[in-house]
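Hi everyone, thanks for making room for me today. I'd like to walk you through one structure, so please have a look at the screen.

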Amino acid sequence: MTPSLEAVGLTKRFGSFTALDHLNLKVEGSKCMGFLGPNGAGKTTTLKMFTDLIFPSEGEAFINGISVQKDRKRALSSCGDLVETPEIYPSLTPREAMEMSGVLRGMRPEEIRSRTDEVLGEVKMTEWIDQKVGRFSKGMKQRVNIAASLLSDPEVVILDEPSTGLDPRGMAEVRSIVRNLKKERRLIFMSSHILSEVVDVCDEVALLDRGKLLFADRLSNVAARLGGGVRSLEAEFVSPPDDATLAGKIGSLPQVAAWSRVDPRRITLQFKGGPAQQTELLEQLVTMRLGLISFHESRSALEEVYLREISVGDA
(Lines give C-alpha, C1' and ligand atoms only; values in the text may rest on other atoms or scores of the structure.)
Protein backbone atom coordinates (compact mmCIF):
# COMPACT_ATOMS: atom_id res chain seq x y z
CA MET A 1 0.00 0.00 0.00
CA THR A 2 1.21 3.51 -0.81
CA PRO A 3 1.49 5.54 2.41
CA SER A 4 -0.77 8.59 2.52
CA LEU A 5 -2.04 11.46 4.66
CA GLU A 6 -5.17 13.44 3.88
CA ALA A 7 -7.01 16.34 5.48
CA VAL A 8 -10.60 16.86 4.33
CA GLY A 9 -12.13 20.17 5.41
CA LEU A 10 -10.05 19.96 8.58
CA THR A 11 -10.98 22.86 10.88
CA LYS A 12 -10.22 23.78 14.48
CA ARG A 13 -11.76 26.63 16.44
CA PHE A 14 -10.90 27.72 19.94
CA GLY A 15 -13.87 29.86 20.88
CA SER A 16 -14.07 32.67 18.34
CA PHE A 17 -10.51 32.02 17.09
CA THR A 18 -10.07 29.77 14.03
CA ALA A 19 -6.68 28.07 14.28
CA LEU A 20 -7.19 25.97 11.13
CA ASP A 21 -9.69 26.83 8.41
CA HIS A 22 -11.01 24.00 6.19
CA LEU A 23 -7.68 22.45 5.27
CA ASN A 24 -7.82 20.16 2.22
CA LEU A 25 -4.50 18.46 1.56
CA LYS A 26 -3.45 15.01 0.33
CA VAL A 27 0.10 13.64 0.38
CA GLU A 28 0.97 10.21 -1.06
CA GLY A 29 4.09 8.14 -1.56
CA SER A 30 7.55 7.71 -0.07
CA LYS A 31 8.66 11.32 0.26
CA CYS A 32 9.06 14.19 2.68
CA MET A 33 6.43 16.94 2.70
CA GLY A 34 7.50 20.16 4.38
CA PHE A 35 4.61 21.85 6.20
CA LEU A 36 5.69 25.49 6.29
CA GLY A 37 4.36 28.58 7.96
CA PRO A 38 5.15 31.28 10.52
CA ASN A 39 4.61 30.71 14.22
CA GLY A 40 0.89 30.58 14.96
CA ALA A 41 -0.04 29.54 11.40
CA GLY A 42 -1.78 26.35 12.58
CA LYS A 43 0.93 23.77 11.85
CA THR A 44 1.03 22.07 15.26
CA THR A 45 -2.77 22.23 15.53
CA THR A 46 -2.96 20.28 12.26
CA LEU A 47 -0.48 17.65 13.42
CA LYS A 48 -2.34 17.23 16.72
CA MET A 49 -5.54 16.46 14.82
CA PHE A 50 -3.71 13.93 12.63
CA THR A 51 -2.48 12.20 15.80
CA ASP A 52 -5.79 12.54 17.68
CA LEU A 53 -4.31 14.73 20.41
CA ILE A 54 -7.13 17.22 19.76
CA PHE A 55 -10.46 16.75 18.01
CA PRO A 56 -11.40 18.85 14.95
CA SER A 57 -14.32 21.26 15.00
CA GLU A 58 -15.10 20.12 11.44
CA GLY A 59 -13.66 17.74 8.89
CA GLU A 60 -11.54 14.60 9.14
CA ALA A 61 -7.91 13.48 9.06
CA PHE A 62 -7.00 10.24 7.29
CA ILE A 63 -3.85 8.12 7.56
CA ASN A 64 -3.52 5.48 4.83
CA GLY A 65 -7.18 6.09 3.99
CA ILE A 66 -8.42 5.40 7.54
CA SER A 67 -10.19 8.15 9.48
CA VAL A 68 -8.29 9.12 12.62
CA GLN A 69 -11.49 10.40 14.20
CA LYS A 70 -13.61 7.29 13.43
CA ASP A 71 -11.03 4.51 13.80
CA ARG A 72 -8.18 5.97 15.86
CA LYS A 73 -6.41 2.72 16.75
CA ARG A 74 -6.25 1.35 13.20
CA ALA A 75 -5.32 4.72 11.65
CA LEU A 76 -2.48 5.39 14.08
CA SER A 77 -1.14 1.82 14.02
CA SER A 78 0.84 2.69 10.86
CA CYS A 79 1.94 6.13 12.09
CA GLY A 80 4.85 7.30 14.23
CA ASP A 81 4.91 10.86 15.52
CA LEU A 82 6.93 13.44 17.35
CA VAL A 83 4.67 16.39 18.16
CA GLU A 84 6.20 19.32 20.03
CA THR A 85 9.07 18.11 22.27
CA PRO A 86 8.18 15.37 24.76
CA GLU A 87 10.47 15.00 27.75
CA ILE A 88 12.16 11.71 28.59
CA TYR A 89 12.58 10.76 32.23
CA PRO A 90 16.24 11.65 32.94
CA SER A 91 16.79 8.47 34.95
CA LEU A 92 15.95 6.27 31.94
CA THR A 93 18.39 4.96 29.36
CA PRO A 94 17.47 5.00 25.64
CA ARG A 95 16.85 1.24 25.88
CA GLU A 96 14.44 1.75 28.77
CA ALA A 97 12.75 4.68 27.02
CA MET A 98 12.12 2.46 23.97
CA GLU A 99 10.69 -0.25 26.22
CA MET A 100 8.28 2.22 27.84
CA SER A 101 7.23 3.61 24.46
CA GLY A 102 6.69 0.11 23.07
CA VAL A 103 4.55 -0.97 26.02
CA LEU A 104 2.38 2.14 25.61
CA ARG A 105 1.93 1.23 21.95
CA GLY A 106 0.90 -2.33 22.85
CA MET A 107 3.93 -3.95 21.19
CA ARG A 108 5.09 -7.44 22.16
CA PRO A 109 8.24 -7.64 24.37
CA GLU A 110 10.26 -9.54 21.76
CA GLU A 111 9.25 -7.01 19.09
CA ILE A 112 10.33 -4.13 21.33
CA ARG A 113 13.72 -5.75 21.93
CA SER A 114 14.43 -6.39 18.25
CA ARG A 115 13.27 -2.95 17.11
CA THR A 116 15.13 -1.08 19.88
CA ASP A 117 18.56 -1.89 18.46
CA GLU A 118 17.38 -1.08 14.93
CA VAL A 119 15.86 2.33 15.64
CA LEU A 120 18.63 3.51 17.96
CA GLY A 121 21.10 2.49 15.27
CA GLU A 122 19.06 4.45 12.73
CA VAL A 123 19.47 7.64 14.79
CA LYS A 124 23.11 6.83 15.66
CA MET A 125 22.54 6.37 19.40
CA THR A 126 23.82 2.79 19.77
CA GLU A 127 26.92 3.94 21.65
CA TRP A 128 24.76 5.51 24.38
CA ILE A 129 22.01 2.86 24.52
CA ASP A 130 22.55 2.15 28.24
CA GLN A 131 23.54 5.66 29.40
CA LYS A 132 21.19 7.86 31.43
CA VAL A 133 19.24 10.31 29.26
CA GLY A 134 19.68 13.04 31.90
CA ARG A 135 23.31 13.41 30.78
CA PHE A 136 22.43 13.92 27.11
CA SER A 137 22.48 17.10 25.05
CA LYS A 138 19.23 18.39 23.53
CA GLY A 139 20.25 16.98 20.17
CA MET A 140 20.86 13.51 21.64
CA LYS A 141 17.49 13.59 23.43
CA GLN A 142 15.79 14.56 20.20
CA ARG A 143 17.39 11.61 18.43
CA VAL A 144 15.98 9.32 21.12
CA ASN A 145 12.55 10.91 20.61
CA ILE A 146 12.77 10.30 16.86
CA ALA A 147 13.80 6.69 17.55
CA ALA A 148 10.69 6.25 19.70
CA SER A 149 8.52 7.49 16.82
CA LEU A 150 10.06 4.79 14.59
CA LEU A 151 9.76 1.92 17.06
CA SER A 152 6.62 0.38 15.52
CA ASP A 153 8.19 0.58 12.02
CA PRO A 154 5.56 3.04 10.76
CA GLU A 155 4.79 3.80 7.12
CA VAL A 156 3.92 7.42 7.98
CA VAL A 157 6.07 9.61 10.25
CA ILE A 158 4.81 12.96 11.53
CA LEU A 159 7.46 15.36 12.87
CA ASP A 160 6.73 18.73 14.46
CA GLU A 161 9.69 21.10 13.93
CA PRO A 162 12.19 18.36 14.89
CA SER A 163 15.31 20.57 14.84
CA THR A 164 13.93 23.64 16.65
CA GLY A 165 16.06 24.70 19.59
CA LEU A 166 19.06 22.59 18.59
CA ASP A 167 22.57 23.87 17.91
CA PRO A 168 23.90 23.69 14.31
CA ARG A 169 25.40 20.24 14.84
CA GLY A 170 22.17 18.91 16.33
CA MET A 171 20.16 20.39 13.46
CA ALA A 172 22.47 18.77 10.91
CA GLU A 173 22.14 15.40 12.66
CA VAL A 174 18.33 15.57 12.64
CA ARG A 175 18.26 16.55 8.96
CA SER A 176 20.51 13.62 8.10
CA ILE A 177 18.14 11.27 9.94
CA VAL A 178 15.12 12.63 8.06
CA ARG A 179 16.88 12.23 4.70
CA ASN A 180 17.64 8.60 5.56
CA LEU A 181 14.03 7.94 6.57
CA LYS A 182 12.93 8.63 3.00
CA LYS A 183 15.06 5.70 1.82
CA GLU A 184 12.99 3.34 3.97
CA ARG A 185 9.84 3.85 1.83
CA ARG A 186 8.21 6.08 4.42
CA LEU A 187 6.07 9.18 4.07
CA ILE A 188 7.40 11.97 6.29
CA PHE A 189 5.17 14.94 7.07
CA MET A 190 7.37 17.52 8.76
CA SER A 191 6.32 20.94 10.00
CA SER A 192 8.99 23.63 10.02
CA HIS A 193 9.56 27.36 9.78
CA ILE A 194 13.25 26.91 8.83
CA LEU A 195 13.39 27.34 5.05
CA SER A 196 16.90 25.95 4.61
CA GLU A 197 15.82 22.78 6.42
CA VAL A 198 12.88 22.30 4.04
CA VAL A 199 15.05 22.84 0.96
CA ASP A 200 17.62 20.40 2.33
CA VAL A 201 15.34 17.43 3.07
CA CYS A 202 11.87 17.87 1.52
CA ASP A 203 10.46 16.86 -1.87
CA GLU A 204 7.22 18.82 -1.57
CA VAL A 205 6.09 21.83 0.41
CA ALA A 206 2.77 23.17 1.69
CA LEU A 207 2.52 26.75 2.99
CA LEU A 208 0.06 27.61 5.75
CA ASP A 209 -0.71 31.08 7.10
CA ARG A 210 -3.36 32.15 9.61
CA GLY A 211 -4.94 28.72 9.41
CA LYS A 212 -5.36 28.74 5.61
CA LEU A 213 -3.45 26.69 3.05
CA LEU A 214 -1.82 29.07 0.54
CA PHE A 215 -0.41 26.38 -1.77
CA ALA A 216 1.02 22.86 -1.92
CA ASP A 217 3.49 21.86 -4.64
CA ARG A 218 6.68 20.03 -5.46
CA LEU A 219 9.72 21.91 -4.24
CA SER A 220 11.11 21.88 -7.78
CA ASN A 221 8.05 23.87 -8.96
CA VAL A 222 8.14 26.54 -6.25
CA ALA A 223 10.40 28.94 -8.12
CA ALA A 224 7.92 29.08 -11.02
CA ARG A 225 5.55 30.90 -8.65
CA LEU A 226 7.82 33.92 -8.88
CA GLY A 227 6.27 34.58 -12.29
CA GLY A 228 7.10 34.24 -15.95
CA GLY A 229 7.95 30.57 -15.63
CA VAL A 230 11.46 31.53 -14.52
CA ARG A 231 13.21 29.30 -11.99
CA SER A 232 16.36 29.94 -9.97
CA LEU A 233 19.06 27.28 -10.12
CA GLU A 234 22.36 27.36 -8.29
CA ALA A 235 25.66 25.98 -9.64
CA GLU A 236 28.85 25.56 -7.63
CA PHE A 237 32.34 25.05 -9.04
CA VAL A 238 35.48 23.58 -7.50
CA SER A 239 37.35 26.86 -8.18
CA PRO A 240 36.07 30.35 -9.10
CA PRO A 241 35.33 30.69 -12.83
CA ASP A 242 36.10 34.15 -14.23
CA ASP A 243 33.35 36.49 -15.42
CA ALA A 244 34.44 36.36 -19.03
CA THR A 245 34.12 32.57 -19.10
CA LEU A 246 30.71 32.71 -17.44
CA ALA A 247 29.44 35.40 -19.80
CA GLY A 248 30.81 33.69 -22.90
CA LYS A 249 29.83 30.11 -22.15
CA ILE A 250 26.91 30.13 -19.71
CA GLY A 251 25.39 33.47 -20.68
CA SER A 252 24.99 32.27 -24.25
CA LEU A 253 22.97 29.17 -23.39
CA PRO A 254 19.38 29.44 -24.70
CA GLN A 255 17.83 28.14 -21.44
CA VAL A 256 19.59 30.76 -19.30
CA ALA A 257 17.74 34.09 -19.08
CA ALA A 258 20.35 35.65 -16.75
CA TRP A 259 23.04 34.72 -14.26
CA SER A 260 24.58 36.33 -11.19
CA ARG A 261 27.40 35.47 -8.83
CA VAL A 262 26.50 34.41 -5.26
CA ASP A 263 30.13 34.14 -4.12
CA PRO A 264 33.42 33.36 -5.91
CA ARG A 265 32.50 29.71 -6.51
CA ARG A 266 28.68 29.85 -6.79
CA ILE A 267 26.34 31.38 -9.35
CA THR A 268 22.57 31.64 -9.67
CA LEU A 269 21.00 30.95 -13.06
CA GLN A 270 17.60 32.33 -14.06
CA PHE A 271 16.27 29.41 -16.06
CA LYS A 272 13.20 28.84 -18.25
CA GLY A 273 11.94 25.33 -18.88
CA GLY A 274 10.91 22.06 -17.30
CA PRO A 275 12.78 18.93 -16.14
CA ALA A 276 13.88 17.96 -19.67
CA GLN A 277 15.42 21.39 -20.30
CA GLN A 278 17.05 21.33 -16.86
CA THR A 279 18.63 17.96 -17.66
CA GLU A 280 19.92 19.36 -20.94
CA LEU A 281 21.34 22.41 -19.17
CA LEU A 282 23.18 20.23 -16.64
CA GLU A 283 24.69 18.14 -19.44
CA GLN A 284 25.90 21.29 -21.19
CA LEU A 285 27.47 22.64 -17.99
CA VAL A 286 29.32 19.36 -17.44
CA THR A 287 30.71 19.30 -20.99
CA MET A 288 32.11 22.83 -20.49
CA ARG A 289 34.60 21.32 -18.01
CA LEU A 290 34.42 24.25 -15.61
CA GLY A 291 34.73 22.03 -12.52
CA LEU A 292 31.00 21.82 -11.69
CA ILE A 293 30.49 20.10 -8.31
CA SER A 294 26.81 20.83 -7.54
CA PHE A 295 23.65 21.90 -9.35
CA HIS A 296 20.31 22.37 -7.58
CA GLU A 297 17.26 24.55 -7.03
CA SER A 298 18.28 27.90 -5.58
CA ARG A 299 17.75 28.14 -1.85
CA SER A 300 16.56 31.69 -2.32
CA ALA A 301 13.57 30.68 -4.46
CA LEU A 302 11.57 29.19 -1.58
CA GLU A 303 12.43 32.17 0.60
CA GLU A 304 11.24 34.62 -2.05
CA VAL A 305 7.95 32.75 -2.55
CA TYR A 306 7.45 32.34 1.20
CA LEU A 307 7.96 36.03 1.94
CA ARG A 308 5.79 37.12 -0.98
CA GLU A 309 2.91 34.78 -0.11
CA ILE A 310 3.01 35.66 3.60
CA SER A 311 3.24 39.37 2.79
CA VAL A 312 0.20 39.11 0.52
CA GLY A 313 -1.65 37.42 3.35
CA ASP A 314 -0.68 40.23 5.73
CA ALA A 315 -1.67 43.00 3.34
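Before anything else, one term: when I say a residue is buried, I mean that its relative accessible area is under 20%. Please also keep in mind that what you see is a predicted model.

Let's use that term right away, on helix H1. This helix covers residues 43-50, and six of its eight residues are buried. Which ones are they? They are Lys43, Thr45, Thr46, Leu47, Met49 and Phe50. You'll notice that a lysine and two threonines are on that list. After H1 comes Asp52, which has a positive phi, near 65 degrees.

Asp52 leads us to Leu76. Leu76 belongs to helix H2, residues 72-76. Between Leu76 and Asp52 there are 24 positions in sequence, and their C-alpha atoms are 8.7 Å apart. The two residues are also in contact: beyond four places in sequence, Leu76 touches Phe50, Thr51, Asp52, Ile63 and Arg105. Is Leu76 buried or exposed? Its relative accessible area is 13%, so it counts as buried, the cut-off being under 20%.

Now let me step back to the whole chain. It has ten helices and 14 strands. Its radius of gyration is 22 Å, close to the 20 Å that the globule rule gives for 315 residues, so the chain is as compact as a globular protein of that length. Along the principal axes, the C-alpha trace spans about 65 × 50 × 35 Å. Of the 315 residues, 49% count as buried. As for contacts with a separation of 6 or more, 67% of them join residues 24 or more positions apart.

A few words on the surface and the charges. The accessible surface is about 15000 Å², and carbon and sulfur atoms hold 51% of it. There are 41 positive and 44 negative side chains, and the centres of these two sets lie 1 Å apart.

On to the interior. In soluble globular proteins, nonpolar side chains tend to be buried together. Here, the largest nonpolar core has 47 residues. Leu36, Met98, Val178, Ile188, Met190 and Leu302 are the ones with the most contacts inside it. Which helix gives the most to this core? That would be H5, residues 138-150, with six residues. There is also a second, separate core of 27 residues, and Leu5, Leu20, Phe50 and Val68 are among its members. We have met Phe50 already, as one of the buried residues of H1.

Let me zoom in on Met98. Leaving out residues up to four places away in sequence, Met98 touches Ile112, Thr116, Val119, Leu120, Val144, Ala147, Ala148 and Leu151.

Next, strand S13, which runs over residues 266-272 and holds Thr268. Leu269 sits in S13 as well. Thr268 has 10% relative accessibility and so counts as buried, and Leu269, at 0%, counts as buried too. What do they touch, apart from neighbours within four places in sequence? For Thr268, the contacts are Ser232, Leu233, Ala258, Trp259, Ser260, Val262 and Ser298. Leu269 is in contact with Arg231, Ser232, Leu233, Ile250, Val256, Ala258, Trp259, Leu281, Leu285 and Phe295. For a sense of distance, Leu269 and Glu87 are 182 residues apart in sequence and 45 Å apart in space, C-alpha to C-alpha.

My last stop is the pair Asn64 and Ser4. Asn64 lies in the loop between strand S4, residues 58-63, and strand S5, residues 66-67. Its phi is positive, near 55 degrees, although Asn64 is not a glycine. Asn64 is buried, with a relative accessible area of 9%. One of the residues it touches is Ser4, which is found in strand S1, residues 4-14. Ser4 counts as buried, at 10% relative accessibility. Besides Asn64, the contacts of Ser4 beyond four places in sequence are Val27, Glu28, Phe62, Ile63, Gly65, Val156 and Leu187.

And one more positive phi: Lys124, near 60 degrees, is again a residue other than glycine. Lys124 is in the loop between helix H4, residues 109-122, and H5, the helix that gives the most to the largest core.

That's my tour. Thanks for listening, and I'm happy to take questions!

How values were computed
Residues numbered from 1 in each chain as written. Predicted model: local features only at pLDDT ≥ 70, side-chain atom pairs only at ≥ 80, totals over all residues. Heavy atoms only, no water. Core = buried A, V, L, I, M, F, W, Y, C linked by side-chain atoms within 4.5 Å. Buried < 20%, exposed > 50% of the residue type's maximum accessible area, 1.4 Å probe, protein only. Helix = DSSP H or I, 4+ residues; strand = E, 2+ residues; numbered from the N terminus. Contact = heavy atoms within 4.5 Å. Rg over C-alpha atoms; globule rule 2.2 N^0.38 Å. Areas by Shrake-Rupley, 256 points an atom, 1.4 Å probe, with all protein chains shown as cover. Lys, Arg positive; Asp, Glu negative; His and termini not counted. Charge placed at Lys NZ, Arg CZ, Asp CG, Glu CD.
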